[in-house]
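Colleague: I should like a close look at a single part of this model, followed outward to whatever it pairs with. Please set it out as one connected account.

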Amino acid sequence: MSETQHPSFFAPKLHPEFLERICQEVVSVAYGALADASTENDTAWTRGTLLYGRVHGLFKKLSRDPSLPWLILRNSTMDYTISINDVLFQVVMDDPDAPKKSYRLLANDVELMQMSLFDANPEEIVTWRLFVDNDHNFESPKLTATVVGFDINRNVICHWSHEYKARIPVKSAYLPDAVEFEDPQPVRRNTDAETETTTDVDVT
């Protein structure tokens with residue numbers, strides 16, 4: 001599906017820096033999960049469950065971070081819901097353009113409670129999803145985080161994909177000065193048979 005404007009256009013509380021931080025963290029953790037589940041003993045099931053569990057665990061950790069007061073884990077069930085600056089999201093491991101888990105597009109109890117407090121405009125976004133998509137390329141997988149917003153009839157109003165920035169270790173541009181050592185000179189061990197003492201004799 002073609003990209004729309006940034007989610008902050010539709011929901012001003014979704015500051016770009018907030019979504020950048022969350023999406024970057026999610027994709028990074030997801031790549032780590034796939035790397036850990038890439039042995040010959042792993043299956044699609046182990047990769048999928050580890051991916052889900054790691055991302056869920058990430059949000060549990062981030063929700064305890066005092067430097068992220070705008071991120072809250074609102075519930076911790078299988079359809080766990082996060083709040084990004086008061087905007088609710090379900091996190092779904094699926095293809096955002098052809099979701100197989102259509103039931104995850106339905107509002108859960110947390111979302112329904114919030115929706116009951118306001119009159120929904122048919123043209124406004126009422127539910128948000130953060131999709132984590134895996135292209136299932138075992139040799140070189142590509143993961144994408146996509147934010148999708150739906151109206152009350154589940155029509156897509158917002159579709160925005162995060163541009164992941166791989167974390168490459170920074171190498172120091174400065175190297176220590178080389179230390180030169182003199183070549184050792186060969187010596188012959190000479191033993192005095194009478195005194196049973198050993199002396200070094202220079203043979204150069």
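**A covered strand and its partners**

Modeller: Ser83 stands opposite Leu88 in β3. That pairing is a suitable place to begin, with the caution that the model is predicted. Ser83's strand, β2, covers residues 81-84, and it runs antiparallel to β3 over four bridges. The two strands make a hairpin with two residues between them, and in the turn Asn85 has a positive phi of about 55 degrees.

Strand β3 itself spans residues 87-92, and six of its six residues are buried. In a regular strand, side chains alternate between the two faces of the sheet. Here both faces are covered: Val87, Phe89 and Val91 are buried on one side, and Leu88, Gln90 and Val92 are buried on the other.

Besides its antiparallel partner, β3 has a parallel one, since it pairs with β4 over three bridges. In that pairing Val92 stands opposite Phe131 of β4.

Strand β4 also leads to a charged pair. Arg129 and Glu111 meet through their side chains in a salt bridge, with 2.7 Å from N to O. Because Arg129 lies in strand β4 (residues 127-134) and Glu111 in helix α4 (residues 109-115), the pair ties together parts that are 18 residues apart in sequence. Arg129 has a relative accessibility of 0% and therefore counts as buried. Glu111 is buried as well, with a relative accessible area of 2%.

Val147 brings these parts together. The residue is found in strand β5, residues 143-150, and counts as buried because its relative accessibility is 1%. Leaving aside residues up to four places away in sequence, Val147 touches Phe89, Trp128, Arg129 and Leu130, and also Pro7, Cys23, Cys158, His159 and Trp160. Phe89 is among the buried residues of β3, and Arg129 is the partner of Glu111 described above. Val147 and Pro96 are 51 residues apart in sequence, with their C-alpha atoms 8.4 Å apart in space.

The structure holds five salt bridges, and two others may be set beside the Arg129 pair. Side chains of opposite charge can pair when their charged atoms come close. Lys165 forms a salt bridge with Glu20, where the closest N and O atoms are 3.2 Å apart. This pair links distant parts of the chain, 145 residues apart: Lys165 is in the loop between β6 (156-161) and β7 (187-192), and Glu20 is in helix α2 (residues 16-36). Lys165 is partly exposed, at a relative accessible area of 45%, and Glu20 is also classed as partly exposed, at 28%.

Glu25 and Arg21 form a salt bridge through their side chains, at 3.0 Å from N to O. Since these residues are four apart in helix α2, about one helical turn separates them. Glu25 is buried, with a relative accessible area of 14%, whereas Arg21 is partly exposed at 33%.

For the wider setting, the protein has four helices and eight strands, following the pattern α-α-α-β-β-β-α-β-β-β-β-β along the sequence. Of its 204 residues, 33% are buried. Among contacts with a separation of 6 or more, 51% join residues 24 or more positions apart. The accessible surface comes to about 13400 Å², and carbon and sulfur atoms contribute 54% of it.

Key:
Residues are numbered from 1 along each chain as its sequence is written. This is a predicted model: local features need pLDDT of at least 70, side-chain atom pairs count only at pLDDT 80 or more; totals for chains, interfaces and linings use all residues. Side-chain values use heavy atoms; hydrogens and water are left out. Buried means under 20% relative accessible area, exposed over 50%, partly exposed in between (1.4 Å probe, protein chains only). Contact means heavy atoms within 4.5 Å. Accessible areas come from the Shrake-Rupley method with a 1.4 Å probe; for residues, only the protein chains shown count as cover. A salt bridge is a side-chain nitrogen of Lys or Arg within 4 Å of a carboxyl oxygen of Asp or Glu.
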